Every structure is written in structure tokens, then in C-alpha cells.
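Me: I have a chain open here and want to talk through its fold. Can you take a look with me?

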Amino acid sequence: MSSDADADLAPPTADAAPPDADPVLAVDGLRVRYDDTVALDGVDLAVVDGEFVAVVGPSGCGKSTLLRVLSGLEAEFGGRVTVDGTDVRDGGSDAVGMVFQEPRLLDWADVRENVAVGLPADVDPDTEAARERVDDLIETVGLDGFAESRPGELSGGMAQRVALARGLAYDPSVLLLDEPFSALDRLTKADQQDHLLDVWAERGTTVVLVTHDVEEAVYLADRVAVLGGQPGTVESVVDVDIDRPRDRADADLVALRREVTAALGR
């Protein structure tokens, strides 16, 4: 018989999505195989409109593979993955924006031109409406006055803000973030995390963040999905039911970090 203490330490069960909510992003029974290696198996995850979900997991659990599927870069898989109800293999990935670990800016282009790269293919960046859209995004990410600066004139944090604006330029249904702050120093990272939350709150974009940083995941997200195992699957989903703005030293937040860490088997 288990004790009450044992029950308190039991890992959370996976919950694909908040109840009574239609998902913008739905992953059902995802299975990805490379020759004799199964990278992901039985992955279920759903993200509702305007939600911020973080995905954490150890190296080799399939986080990068999951991102490739969600972004439409991996077309060979079993199960079903949809964005706004459309399979990512049939155009659903067109509604997904992406911010990578490295900013990947065009060195020869200024900030305005780098952001404009993210505009939909059918939008002429030279039109007044497109220029206003780009300038609005530059203002949103806090780069007023830097529209004509080139990447070499920007700090690492500023370059990531340009990448964020570029990812939002398409007005995506889902914005994927692939460890966007991992290369930044601790203070800059904390500042950029808070800025991301401001942009997310202002624009209401649905966000999926992939990170190895448990503290970052719990501080930013509404829910944290823990990937584990080989092949990888969703081991648990931890709800972060703490009002924003959050205090990184808050005892409840620290307890949730321990819960996620325990779910990772550490």
C-alpha cells in the first residue's frame, strides 16, 4: 500500500490539452522511424489558442524530431499532426512560424529587411501595408530606432528579437521556439524571457517552446510537456497554474521546477 507521501511524489499524468478546448495544434499518436530506429512513438499533445506550452526532455528523446514534424520539415511519420485542423503534410505547417536557437539573420540586410523575410510569399514587402506591418513588429519587439541597423551592430539579445519579429511576420497560428535563448548569458536570457512574455501577452500568439532549461520552461509556460524514453513519448504534462507576472524565486514555482525535474528522472 502506498503512503500519502508516496502519492505526493507520484509523477503527474499526461494530459493532452485543457478540457473543453479545441486545439490549434493537435498531435495524435505520432510515430517517427528512421530505418531501424524509432525516434518518437505514441506522442499525443494538444495546444489551444493563445496557450504557451513548453516541451522539455533529455538529449535523444526526440525534441528536435518533434519540431521537424511540427514545422513540416519531416513528412514521413505515422499518426496525425494538424494545425487549425489541417494536416502538416497537407499545408498545415504553412501556419507555423519558427524561431531557431541561432538568429540566422542575413548579414547584409538591415533589421527591417530581415523581419520582412518572414512575410508571406504573396505579400509584396515594398507596399505601404507591408512596411507598416514590419515596423509594427519592430516596435513590438522593442527595437525602435534600430530598423536600419545591420546584424553586426546588434547584441545577441537584440538579434534574437529580430528573429522573433521575423517569426511573427507571417502571423502564424503557432509559433515554435527552438531553445532561442540558450546562447545568451544569464542576465540577458532573463531579460529576453520577460520580453517574450510581453510580446506573447500583447499578440496572443499560440507558442510552443522547446528547451532543455527546466527553470525557463516553468517560468514561461502554462503547461510543461515532459518528453522521455527511447523512443520518445510524452511522459507527463505539468500544469503551471501560477499567475503572471511570476517571481522566479516563488516557492510554488520552485516546487514545480522540482516536479518537472523529477519527471525527467533527475
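What follows is a short chat about the overall build, the strands and one helix residue.

Me: What kind of model is this, and how many helices and strands does the chain have?
Reply: The model is predicted. The chain has 8 helices and 10 strands.

Me: How does the radius of gyration sit against the globule rule?
Reply: The radius of gyration is 19 Å, close to the 18 Å that the rule gives for 266 residues, so the chain is as compact as a globular protein of that length. The C-alpha trace spans about 70 × 45 × 35 Å along its principal axes.

Me: And what percentage of the residues is buried?
Reply: Buried residues account for 50% of the 266. The chain exposes about 13000 Å², with carbon and sulfur atoms supplying 46% of that area.

Me: Of the contacts between residues at least 6 apart in sequence, what share joins residues at least 24 apart?
Reply: That share is 69%.

Me: Switching to charge. How many positive and negative side chains are there?
Reply: There are 23 positive and 54 negative side chains. The centres of the two sets lie 4 Å apart.

Me: Now the open sheet. What is the strand order?
Reply: The order is β2-β1-β4-β5, an open sheet of 4 strands with antiparallel pairing.

Me: Which strands stand at the edges?
Reply: Those are β2 (37-48) and β5 (86-87). Each has a single partner strand, so one side of each is left without a neighbour in the sheet.

Me: How many bridges are there between β4 and β5?
Reply: Strand β4, residues 78-83, pairs with β5 over 2 bridges in the antiparallel sense. Thr 82 has Asp 87 in β5 as its bridge partner.

Me: What about β9 and β10, how do they pair?
Reply: β9 (residues 223-228) and β10 (residues 233-239) pair in the antiparallel sense over 6 bridges. Arg 223 stands opposite Asp 239 in β10.

Me: Which residue takes a positive phi in that hairpin?
Reply: Gly 229 does, with phi near 85°. The hairpin has 4 residues between the strands.

Me: Last topic, Ala 159. Where is it, and is it buried or exposed?
Reply: Ala 159 is in helix α5, residues 156-169. Its relative accessibility is 10%, so Ala 159 counts as buried; the cut-off is under 20%.

Me: What is Ala 159 in contact with, leaving aside neighbours within four places in sequence?
Reply: Pro 103, Leu 105 and Leu 154.

Me: And how far is Ala 159 from Glu 102?
Reply: They are 57 residues apart in sequence and 8.9 Å apart in space, C-alpha to C-alpha.

Note on methods: Residues numbered from 1 in each chain as written. Predicted model: local features only at pLDDT ≥ 70, side-chain atom pairs only at ≥ 80, totals over all residues. Heavy atoms only, no water. Rg over C-alpha atoms; globule rule 2.2 N^0.38 Å. Buried < 20%, exposed > 50% of the residue type's maximum accessible area, 1.4 Å probe, protein only. Contact = heavy atoms within 4.5 Å. Areas by Shrake-Rupley, 256 points an atom, 1.4 Å probe, with all protein chains shown as cover. Lys, Arg positive; Asp, Glu negative; His and termini not counted. Charge placed at Lys NZ, Arg CZ, Asp CG, Glu CD. Pairing = 2+ DSSP bridges.
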